[in-house]
Amino acid sequence: QVQLVESGGGLVQAGGSLRLSCAASGRTFISTAMGWFRQGPGKEREFVAGINAWNGGRTGYGDSVEGRFTISRDNAKNTLYLQMNSLKPEDTAIYYCAASTASGSFFYQTTLDYAYWGQGTQVTVDS
């Protein structure tokens, strides 16, 4: 079992920045591929960013956030981060942290690749 708790969401003006955090417990964090997803009003849950296990040297992003968002991990703190810059109103959504059961050198982009989910944190971008 893995427990994931997101924090850092809130209300921000367009063009602003936020950093989301996800505290993980219950499984060896360092050997777990991690990801961020989001779900806007009336929309399906979509992939935002993924990072591989271990050194986190391999990352990937959804097309709509590429170049603006950065995923990272601190294995010493069992924490996953999502730095979000140049935020747009269309980034408004509930953001979810997710943990895979895979421990290889890849990141994963579909919800089916993740077994554990946090409760989510609301991000609202005001125009």
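This passage walks through a predicted model, beginning with a group of paired strands and moving on to a disulfide, a single residue and a cavity.

A convenient place to start is strand β8, which spans residues 79-84. This strand is mostly covered, with five of its six residues buried. On one side of the pairing scheme, β8 is joined to β3 by six bridges, and these two strands run antiparallel. Within that pairing, L18 is found opposite M84 of β8. Strand β8 also pairs with β7, again in the antiparallel sense and over six bridges. Here S72 has Y81 in β8 as its bridge partner. Together β7 and β8 make a hairpin, with four residues lying between the two strands. In the turn of this hairpin, N78 adopts a positive phi of about 50°.

Strand β3 leads naturally to the disulfide. The structure holds one such bond, and it links C22 to C97 with an S to S distance of 2.1 Å. Because C22 belongs to strand β3 (residues 18-25) and C97 to strand β9 (residues 93-100), the pair ties together parts that are 75 residues apart in sequence. The torsion about the S-S bond of C22 and C97 is about -75°, so the disulfide is left-handed. Both cysteines, C22 and C97, are buried. In general terms, a disulfide is a covalent bond between the sulfur atoms of two cysteines.

Returning to the hairpin, T70 offers a closer look at strand β7, which covers residues 69-74. T70 counts as partly exposed because its relative accessibility is 42%, a value that falls between the 20% limit for buried and the 50% limit for exposed. When neighbours within four places in sequence are set aside, the contacts of T70 are Y61, Y81, L82 and Q83. Among these, Y81 is also the residue that serves as bridge partner of S72. A further relation links T70 with G50: the two are 20 residues apart in sequence, and their C-alpha atoms are 9.6 Å apart in space.

Finally, the interior was searched for enclosed space. Rolling a probe the size of a water molecule over the atoms shows where empty space is left. Across the whole structure, the search finds one cavity of 30 Å³ or more. The largest cavity has a volume of about 30 Å³. Its lining is made up of V2, A24, R27, F29, T32, M34 and A99. Sorted by class, the lining of this cavity comprises five nonpolar residues, one polar residue and one charged residue.

Technical notes: Residues are numbered from 1 along each chain as its sequence is written. This is a predicted model: local features need pLDDT of at least 70, side-chain atom pairs count only at pLDDT 80 or more; totals for chains, interfaces and linings use all residues. Side-chain values use heavy atoms; hydrogens and water are left out. Buried means under 20% relative accessible area, exposed over 50%, partly exposed in between (1.4 Å probe, protein chains only). Contact means heavy atoms within 4.5 Å. On a 1 Å grid over the protein atoms alone, a cavity is a set of points where a 1.4 Å probe fits but cannot get out, and a pocket is an open set with protein on both sides within 12 Å along at least five of seven lines; lining residues have an atom within 4 Å of a point. Grid points are joined across faces, edges and corners, and a volume is the space filled by probe spheres set on the points. Ala, Val, Leu, Ile, Met, Phe, Trp, Tyr, Cys and Pro count as nonpolar, Asp, Glu, Lys and Arg as charged, and the others, Gly among them, as polar. A disulfide is a pair of cysteine sulfur atoms within 2.5 Å. Two strands pair if DSSP finds at least two bridges between them.
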